[in-house]
Amino acid sequence: MLRNEKVVALDEVAELCELNADHFTRFAESADSAELSRLFSELAILHGKQVALLDEQITSMGELPRHPDPDRESLEGLAAWLQTIFAENKREMLIEKAVEKENHIQTAIADALTRQLPEEAIALLHRLKRQVNESLARLKEAGTVQSP
C-alpha cells in the first residue's frame with residue numbers, strides 16, 4: 001500500500017525524533033560532565049515523547065507509523081560515537097552533532113508544514129518546532145559553558 005505524502009512527512013519527523021532519542025542517550029553516556037549528560041538525557045526523553053505524539057497523530061489519520069531501520073540507526077549511531085571519541089574537544093563535538101541532528105528535525109518539520117495536514121497535526125508540528133528551538137538554545141548555551 002502506498003503511503004500519502006502527509007503521512008510520509010509526519011513519519012520522517014517521527015523517525016528523526018526517534019533517532020535523536022537514541023543518539024542523545026548515547027551522547028549522555030559519553031558526556032564530560034553531569035550537567036551535559038543530564039541535558040542529553042532530558043532531550044532523549046523529550047524526543048521519545050514526541051515520537052509517541054507523532055505516532056498517535058499518524059494513527060488518527062488511519063495509517064500505521066513506521067519506525068527507523070535498526071541497521072541504519074546502528075550505523076548512524078556508531079559513526080557519531082566514533083567521531084566524538086576521536087575529537088580533540090569531545091564536549092564541543094557532542095554539542096555540534098546534537099545541534100546538527102536537531103536542525104535535521106527542524107528541516108523535516110518545515111517540510112511537513114508545507115503539506116495539507118489536519119489542523120491537529122499542524123498544531124502538533126508547531127509545538128514540536130518550539131520544543132526543538134528550545135533544545136537548540138539549550139545546546140548552544142551548553143556549548144558556551146566549559147566543563148570544570
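His47 is found in helix H2, and this residue makes a friendly starting point for a tour of the model, which is a predicted one. With a relative accessibility of 0%, His47 counts as buried, because buried means under 20%. Once its neighbours within four places in sequence are set aside, the contacts of His47 are Cys17, Asn20, Ala21, Phe24, Glu102, Ile105 and Val132. Some of these partners can be placed in other helices: Cys17, Asn20 and Phe24 belong to H1, Glu102 and Ile105 belong to H4, and Val132 belongs to H5.

It helps to step back to the whole protein. The model contains five helices and zero strands, and the order of its elements from the N terminus on is α-α-α-α-α. Of the 148 residues, 43% count as buried. The accessible surface comes to about 8,200 Å², and carbon and sulfur atoms account for 54% of that surface. Among contacts between residues at least 6 apart in sequence, 79% join residues at least 24 apart.

Helix H2 itself has 27 residues. From its first C-alpha to its last, H2 reaches 39 Å, close to the 39 Å expected at 1.5 Å a residue. After H2 comes Gly62, which has a positive phi, near 85 degrees.

A second residue of H2 worth a look is Gln57. Gln57 has a relative accessibility of 7% and therefore counts as buried. Apart from neighbours within four places in sequence, Gln57 is in contact with Leu10, Pro118, Glu120, Ala121 and Leu124. One of these partners, Glu120, is 63 residues away along the chain, yet the C-alpha atoms of Gln57 and Glu120 are separated by 8.0 Å.

The contact between Gln57 and Glu120 leads to the pairing of H2 with H5. Two packed helices are described by the angle between their axes and the distance between the axes. For H2 and H5, the angle is about 170 degrees and the axes are 11 Å apart. The two helices are therefore roughly antiparallel to each other, since angles over 145 degrees count that way. On the H2 side, the contact is made by Leu36, Leu39, Phe40, Glu42, Leu43, Leu46, His47, Gln50, Leu53, Leu54 and Gln57. On the H5 side, the residues include Glu120, Ala121, Leu124, Leu125, Arg127, Leu128, Gln131 and Val132. Sorted by class, the contact of H2 with H5 has 14 nonpolar, five polar and four charged residues.

What span should the 26 residues of helix H5 have at 1.5 Å a residue? The expected value is 38 Å, and the end C-alpha atoms of H5 are 38 Å apart, which agrees. The buried residues of H5 are Ala121, Leu124, Leu125, Leu128, Gln131, Val132, Ser135, Leu136, Leu139 and Ala142. These buried residues pack against H1, H2 and H4.

The pairing of H1 with H4 can be described in the manner used for H2 and H5. The axes of H1 (residues 5-30) and H4 (residues 90-112) come within 9 Å and cross at roughly 170 degrees. That angle makes H1 roughly antiparallel to H4. From H1, the residues that meet H4 are Ala9, Glu12, Val13, Leu16, Cys17, Asn20, His23, Phe24, Phe27 and Ser30. Among their partners in H4 are Leu94, Lys97, Ala98, Lys101, His104, Ile105 and Ile109. The residues of this contact divide into 12 nonpolar, four polar and six charged.

How exposed or buried are individual residues of H4? Three examples give a range of answers. Lys101, in H4, has 11% relative accessibility and so counts as buried. His104, also found in H4, counts as partly exposed because its relative accessibility is 41%. Thr107 has its place in H4 too, and at 55% relative accessibility Thr107 counts as exposed.

Each of these three residues can also be paired with a residue of H1 that is far along the chain. Lys101 and Phe24 are 77 residues apart in sequence, with their C-alpha atoms 9.6 Å apart in space. For His104 and Asn20, the separation is 84 residues in sequence and 9.7 Å from C-alpha to C-alpha. Thr107 and Val13 are 94 residues apart in sequence, and the distance between their C-alpha atoms is 8.9 Å.

Key:
Residues numbered from 1 in each chain as written. Predicted model: local features only at pLDDT ≥ 70, side-chain atom pairs only at ≥ 80, totals over all residues. Heavy atoms only, no water. Axes fitted to C-alpha atoms, helices over the stretch in contact; angles between N-to-C directions. Helix = DSSP H or I, 4+ residues; strand = E, 2+ residues; numbered from the N terminus. Parallel < 35°, antiparallel > 145°, perpendicular 65-115°, else oblique. Contact = heavy atoms within 4.5 Å. Nonpolar A, V, L, I, M, F, W, Y, C, P; charged D, E, K, R; others polar. Expected span 1.5 Å × (residues − 1). Buried < 20%, exposed > 50% of the residue type's maximum accessible area, 1.4 Å probe, protein only. Areas by Shrake-Rupley, 256 points an atom, 1.4 Å probe, with all protein chains shown as cover.
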